[in-house]
Amino acid sequence: MKKQIRKGFRQTKYIFYQETLVDFKDHFWSFLGAFFGIGIIAFLQSQQISEIENVFLIGSFGASSVLIYGAVNSPLAQPRNLIGGHVLSALVGVTVFKFLPEILWLNASIAVASSIVVMQITKTMHPPGGATALIAVLPAQKIQDLGYWYALSPVLSGAVILLIVALIFNNIPKGRKYPHHVRQSKYVHMRRMLKKKN
């Protein structure tokens, strides 16, 4: 038991240490990417929509920015996850709102839980997607009036803007590449199956 605790403690220390090893250049490009990504969406909202109707700029885009500009190598930050996770979760949230009775605690729970499962099945896991599903069932009249258009705008259009900015700013500095491709041997799945059998 003590060995397991010590091992867990060592691993945790190592992970925290690794997380602090970020070059200041990396901070700079993360800042610029997030600044322009969110800035463009907010600018479009300020030009097209009145300040009271905060529809184009949704909170889950802030969380997506953390991933796609701050953790570019994360599997959860890749384009498929960003776009698929948001759009599928939006569709789930709107569907839950349309077909279930208007009981907030039930709608919120089902929308978030279902969006997680849909993202798992489609391999588009993107944590901010849960917030996108939740926003669809909250008592915000403007979003509810959009219905399934919510999945197209603000969700898809905003996610595409974030992606375009990420493709530009994450590929300018050396040593930073987006999307991040993890190369695997074509036999990696076979090796895993053999290990399980042994």
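**View 1. The whole chain: nine helices and zero strands make up this protein.** Helices here are DSSP runs of H or I with at least four residues, strands are runs of E with at least two, and both are numbered from the N terminus. This is a predicted model, in which local features need pLDDT of at least 70 and side-chain atom pairs count only at pLDDT 80 or more, while totals for chains, interfaces and linings use all residues. Residues are numbered from 1 along each chain as its sequence is written, and side-chain values use heavy atoms, with hydrogens and water left out. Read from the N terminus, the order of elements is α-α-α-α-α-α-α-α-α. Of the 198 residues, 35% count as buried; buried means under 20% relative accessible area, exposed means over 50%, and partly exposed lies in between (1.4 Å probe, protein chains only). The protein exposes about 13,000 Å², with carbon and sulfur atoms supplying 67% of that area; such areas come from the Shrake-Rupley method with a 1.4 Å probe, and for residues only the protein chains shown count as cover. Among contacts between residues at least 6 apart in sequence, 69% join residues at least 24 apart, where contact means heavy atoms within 4.5 Å.

**View 2. Helix α3 packs against helix α8.** Let's start with α3 (residues 60–70) and α8 (residues 149–169), whose axes lie 11 Å apart at an angle of about 25°. Axes are lines fitted to C-alpha atoms, for helices over the stretch in contact, and angles run from 0 to 180 degrees between N-to-C directions. That angle makes α3 roughly parallel to α8; the word applies under 35 degrees, with roughly antiparallel over 145, roughly perpendicular from 65 to 115, and oblique for the rest. The α3 and α8 crossing is right-handed, which is the term when the near helix is turned clockwise from the far one by less than a right angle, anticlockwise being left-handed. On the α3 side look for F61, S64, S65, I68 and Y69, and on the α8 side for P154, V155, G158, A159, L162, V165 and A166. By class, the residues of this contact are nine nonpolar, three polar and no charged. Ala, Val, Leu, Ile, Met, Phe, Trp, Tyr, Cys and Pro count as nonpolar, Asp, Glu, Lys and Arg as charged, and the others, Gly among them, as polar.

**View 3. Helix α3 also meets helix α6.** The axes of α3 and α6 (residues 128–137) come within 8 Å and cross at roughly 175°, so the two helices are roughly antiparallel to each other. S60, A63, S64 and L67 of α3 touch P128, A131, T132 and I135 of α6. Five nonpolar, three polar and no charged residues make up this contact.

**View 4. H86 sits in helix α4 (residues 79–99).** Is H86 buried or exposed? At 0% relative accessibility, H86 counts as buried. Its contacts, leaving out residues up to four places away in sequence, include S60, F61 and S64, along with P128, G129, T132, V155 and A159. H86 and M125 are 39 residues apart in sequence, with 9.2 Å between their C-alpha atoms.

**View 5. Helix α5 packs on helix α6, with M119 at the contact.** The axes of α5 and α6 are 8 Å apart at an angle of about 145°, and the crossing is right-handed. From α5, L104, N107, A108, A111, V112, S115 and M119 meet G129, G130, A133, L134 and V137 of α6. This contact has eight nonpolar, four polar and no charged residues. M119 lies in α5 (residues 104–122) and, at 2% relative accessibility, counts as buried. Beyond residues up to four places away in sequence, M119 touches several others, including G85, S89 and H126. M119 and L88 are 31 residues apart in sequence, yet 7.3 Å apart from C-alpha to C-alpha. By contrast, W105, also in α5, is exposed, with a relative accessible area of 64%.

**View 6. Two backbone details to look for are at K123 and at P179.** Most residues other than glycine have a negative phi, and most peptide bonds are trans. K123, in the loop between α5 and α6, has a positive phi near 55°. K123 is exposed, at 63% relative accessible area. In the loop between α8 and α9 (188–197) you will find P179, joined to Y178 by a cis peptide bond with omega of about 0°.
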